[in-house]
Amino acid sequence: VERAVQKKKNRKRILNAVRYIAMAVMAAIVIYEGYVLVSGYLENDRAKKEYASIEDTYVSAEDSSGAEASDQFYPDLEIDHEGLYELNNDYIGWLYFPAVEMSYPAVQERRVNEYIAKTFEGTMNGNGAVFMDILSDPSFTGLSNFLFAHNMRNRTMFGILPVLAEDDNKELLEKDPYFYVYTKNAVFRYRVFAYYT
C-alpha cells in the first residue's frame with residue numbers, strides 16, 4: 001500500500017513539474033512573440049517617419065492654379081534631386097502614384113537585394129526601399145524597368161497597391177491611370193494597363 005501511495009505522489013510531482021515547465025515555455029513564447037510584434041511595429045513606424053521626413057524635406061507641390069495647369073503632362077512636383085543624391089548616391093528618381101497617394105524616392109542597388117532590408121537613408125530595416133534591380137538602366141530608358149518594394153501590411157511601400165483591386169476602388173484608375181517617375185533630367189509618365197494580386 002505504501003508503494004502505491006508513494007508512486008501516486010511521484011506521478012503527481014512529475015505531472016506538476018511538467019505542468020510548470022509547460023507554463024514556463026508558453027510564457028517564454030508569449031513574451032518572445034510580443035517582443036517580435038512590438039519591434040516589428042516600431043520598425044515599421046521608424047521607416048514610415050523616415051520616408052515622410054524625406055518627402056517633407058525634398059519634395060514640394062508647385063502651385064497649379066494657373067490656366068495652363070490642366071494641360072500639364074504630369075503633376076508639378078518640385079524635387080530636390082541634388083539633395084536626395086547627397087543623402088544617398090544610389091538615388092535615381094522619385095516615384096509618384098497619385099491614385100493611391102504613393103510617393104517614394106527610388107534607388108538602384110549596387111549589390112543584389114541590397115535594399116531588401118535597408119531604407120533610403122541606409123538604416124537596416126525590414127521595410128527596405130523602393131529599388132531598381134542592378135541590371136536595369138537607371139535612366140529609365142531601357143527596354144523594361146523594374147522597381148521593387150515590399151508589400152507591407154500597414155499599406156506603406158507597395159502595400160498600398162492592393163487597394164486598386166478592392167471593389168470600392170474600381171474607379172481609382174479610371175480617374176487617374178498614371179504614375180510618374182521624376183528624374184533629374186526628365187519626368188516619365190506610365191499608364192497602368194493591368195494589375196494582378
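# A chat about rings, charges and a surface patch

Visitor: Which residues make the nonpolar surface patch of about 390 Å²?

Guide: First, this is a predicted model, where local features need pLDDT of at least 70, side-chain atom pairs count only at pLDDT 80 or more, and totals for chains, interfaces and linings use all residues. Residues are numbered from 1 along each chain as its sequence is written, and side-chain values use heavy atoms, with hydrogens and water left out. Patches are built from residues with over 30% relative accessible area and no salt bridge (a side-chain nitrogen of Lys or Arg within 4 Å of a carboxyl oxygen of Asp or Glu), joining like charges within 9 Å and nonpolar side chains (Val, Leu, Ile, Met, Phe, Trp, Tyr) within 5 Å; areas come from the Shrake-Rupley method with a 1.4 Å probe, and for residues only the protein chains shown count as cover. Here the patch of about 390 Å² is made by Ile21, Val25, Met26 and Ile29.

Visitor: Is Ile29 buried, exposed or partly exposed?

Guide: Ile29 lies in helix 1 (residues 2-58); helices (H or I, at least four residues) and strands (E, at least two) are DSSP runs, numbered from the N terminus. Buried means under 20% relative accessible area, exposed over 50%, and partly exposed in between (1.4 Å probe, protein chains only). Ile29 has 44%, so it is partly exposed.

Visitor: How many aromatic pairs does a search of the whole structure find?

Guide: Rings of Phe, Tyr and Trp (its six-membered ring) pair if their centres lie within 6.5 Å; planes under 30 degrees apart are stacked, over 60 edge-to-face, and the rest tilted. Searching the whole structure that way gives 11.

Visitor: What kind of pair do Phe73 and Tyr74 form?

Guide: Their centres are 6.4 Å apart, with 85° between the planes. That makes the pair edge-to-face.

Visitor: And what about Phe146 and Phe148?

Guide: Phe146 is partly exposed at 47%, and Phe148 is partly exposed at 38%. Their ring centres are 6.4 Å apart and the planes sit at 25°, so the pair is stacked.

Visitor: How far is the charged end of Arg189 from the centre of the ring of Tyr178?

Guide: A charge sits over a ring if NZ of Lys or CZ of Arg is within 6 Å of the ring centre and within 35 degrees of the ring normal. Arg189 sits over the ring of Tyr178 in this way, and the distance is 4.1 Å.

Visitor: Where is Glu101?

Guide: Glu101 has a positive phi, near 55°, and is exposed at 73%. Its place is the loop between strand 3 (91-97) and strand 4 (102-108).
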